[in-house]
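Here are some worked exercises to try with the model open beside you. Have a go at each task before reading its solution.

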Amino acid sequence: MSGRTVAEKILARASGLDSVRAGEVVEASPDLVLSHENTFLVDRSFSEFGLSRPWDPDRVVVVLDHRTPANTAETARVHAKIRETVKRMGIGKFFDVGQGICHQLLVEQKLVRPGGLVVGADSHTSTAGAVGAFGTGLGATEVAGVWATGRTWLKVPETMRINMVGHLNRAVFPKDIALHLASKLGPSGADYKCIEFGGMFLFDISISGRMVLCNMAVEMGAKTAIVPADATFAAWSPECKEPPGDACRSDPDARFESTTDLEMERITPLVSGPHRIEAVRSVEEFGDVRIDQAFIGTCTNGRLEDLIAASWVLKGNRIAPGVRLIVSPASRTVLADALDMGVIQTIVNAGGTILPPGCGPCLGAHEGVLGPGEVCISSGNRNFRGRMGSDEAEIYLASPATVAASAIEGKVADPRRWLTVDL
Amino acid sequence: MTSEGRVWKFGDDVNTDMIIPGRYLDRYDPKHLASHAMEGADKDFASKVRPDDIVIAGKNFGCGSSREQAVVALKESGVSAVIAKSFARIFYRNAINLGLLVIASDSAAEVFKDGDMVAVDLGGSAVRSKDGTKMAPLHKPPERAMAILRAGGLIPYIKSSLGREVG
């Protein structure tokens, strides 16, 4: 009998079963259930059950991040309604406007732990995989169902194992690894699957970088992505006295649907062009594309590590005339740390605009919406047509260093010209 | 469970930003959402779609954001079923949970064209043109999905099970 994957182990534990296999359907009880502004929709559906509060308010997390501070009077009304709801229901894990992006807070505030199961009314809930958890997105009504019953059905996914081999080159970041994978897998290459990252060189990749990988897996259709907790996790989370055990990693003889070695040395700074995630080419192939806006932020790449990389590129430089550089830290903690380190000062001196922590313009609601014919290079996760505003705008996706270099040059630019030492 | 209507064809990887762009999500009003349905893919869709029309698309329909307003926009505009080569998982679950019929078919996107009048026959696991000249087999939704659909969506489905537990 072969061993189990980490996805199989987590879903077995969450379903109260000894063991499950890929392909089985389980009734799982999540350790955390997440929603953001769509808590309004969750509550609307939940109210139909006639229950006064969720099955376990301590396992409910609510974050206001998508339109913060409120962009319209209607949003302000929704925010107020959600504040009233969490108070009435005794939901303690509530993060109001300005505290940050939900996926960032789950990890940063250490709400999610290795081996945990998180479901959330947001597609990027897979980001929790960075700390060895199984995170997956659901719709708002299904989250209301979890509030009511404490469980939901999940098909145990097959696992695609990807082993990191070797070290990253200068000016190459986890975002470039993710874009490389997107170019290979396309938008549905991992549909319904778990992507598990492994290999001894994973040591190199910080929790922040792991969040990028797990976050972007959704753009390839993955149900979840998991980086099993290892020594890098243990060092990041010293208060977790017990080192993560076998329950948090795949057995050596686990059955993977596929196993692929990914050679880090072969990855260069990459850019995904409009309007498809898999339209990925090496940065120098986009050298003639002029930009109007450069955006650094989002649940993909708005962390301290990302802001530091951008500040190294920007230090002592000015952004090009006519270009807007917009930076939105992923959380208040990220913002505070970046302030302490002088990173924000560097960005502002270079001509950047700092937004409050939150999702920013990524979803096209506010704070940097694109007009017709405009071009944006973004550290976010989606370059769908119309995503950030006008259908006639174009979005390029890249690492924060590449976005910062592009802001200086006024066109899609190679970060290796500006990052001349290893970070 | 049957459905009859006129076909609207779309390609692969229709994402939820195309089905309902993020800028319209400020306001949750099904009619407002329906008035912008499929705006990112076909600007005429919302004004020309008729009750019972059927969307037929390629692979990975509904990829991207988990916004269930994508399902609400389609349902409120009168779409009675979405048939696609494959579905992105969150959209698929949302559709079932909100009572919109979604069915996978390997060949429907090749067999049918815009404007065809078709009938979905779930019992016979096929979609056929009304004139009887064309047919594509369907993969019947899994039993659990069918049970939720038959109940009219997740809320009534859970309500009946809560009732059983209490009763």
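Contact here means that heavy atoms lie within 4.5 Å of each other. Keep in mind that this is a predicted model.

**Exercise 1. The interface**

Task: Find how many residues of chain A and of chain B are in contact, and what area is buried between them.

Solution: Start with the residues. On chain A, 44 residues are in contact with 37 residues of chain B. Now turn to area. The size of an interface is often given as the accessible area lost when the parts come together. Between chain A and chain B, about 3400 Å² is buried. Carbon and sulfur atoms give 51% of that area.

**Exercise 2. Polar links across the interface**

Task: Count the salt bridges between chain A and chain B, then check the pair Glu27(A) and Arg144(B).

Solution: The count between the two chains is seven salt bridges. For the check, a side-chain nitrogen of Lys or Arg must lie within 4 Å of a carboxyl oxygen of Asp or Glu. The side chains of Glu27(A) and Arg144(B) meet at 2.7 Å, N to O, so the pair satisfies the cut-off of 4 Å. Polar contacts have their own count: 21 residue pairs between chain A and chain B, both residues at pLDDT 80 or more.

Next, which elements of chain A give two or more residues to the side that touches chain B? They are strand E1 (25-28), helix H2 (39-46), helix H3 (73-89), strand E6 (134-137), helix H5 (140-149) and strand E7 (152-155). The largest share, five residues, comes from H5(A). By residue type, this side of chain A divides into 14 nonpolar, 16 polar and 14 charged.

**Exercise 3. The sheet**

Task: Work out the strand order of the five-stranded open sheet in chain A, and name its edge strands.

Solution: Reading across, the order is E4-E3-E2-E5-E6, with parallel pairing. Strand E4 (93-95) and E6 of chain A pair on one side only, which makes them the edge strands. On average, neighbouring strands are turned by 15° against each other, direction ignored.

Now zoom in on one pairing. Strand E2 (residues 32-35) and strand E5 (residues 117-120) of chain A pair in the parallel sense over three bridges. Val33(A) stands opposite Val119(A) in E5(A).

**Exercise 4. A salt bridge within chain A**

Task: Locate the partners Arg21(A) and Glu8(A).

Solution: Over all chains, the count comes to 42 salt bridges. One is formed by Arg21(A) with Glu8(A), whose closest N and O atoms are 4.0 Å apart. Arg21(A) sits in the loop between helix H1 (6-14) and E1 of chain A, while Glu8(A) lies in helix H1 of chain A. The two residues are 13 residues apart, and the pair links distant parts of the chain.

Notes. Residues are numbered from 1 along each chain as its sequence is written. Chains are lettered from A and ligands numbered from 1 in the order in which they are written. This is a predicted model: local features need pLDDT of at least 70, side-chain atom pairs count only at pLDDT 80 or more; totals for chains, interfaces and linings use all residues. Side-chain values use heavy atoms; hydrogens and water are left out. Buried area is the accessible area (1.4 Å probe) that two parts lose on being put together, summed over both. A polar contact is a pair of N or O atoms within 3.5 Å; within protein, one must be able to donate a hydrogen and the other to accept it, and residues adjacent in sequence count only if both atoms are side-chain atoms. Helices (H or I, at least four residues) and strands (E, at least two) are DSSP runs, numbered from the N terminus. Ala, Val, Leu, Ile, Met, Phe, Trp, Tyr, Cys and Pro count as nonpolar, Asp, Glu, Lys and Arg as charged, and the others, Gly among them, as polar. Two strands pair if DSSP finds at least two bridges between them. Axes are lines fitted to C-alpha atoms, for helices over the stretch in contact, and angles run from 0 to 180 degrees between N-to-C directions.
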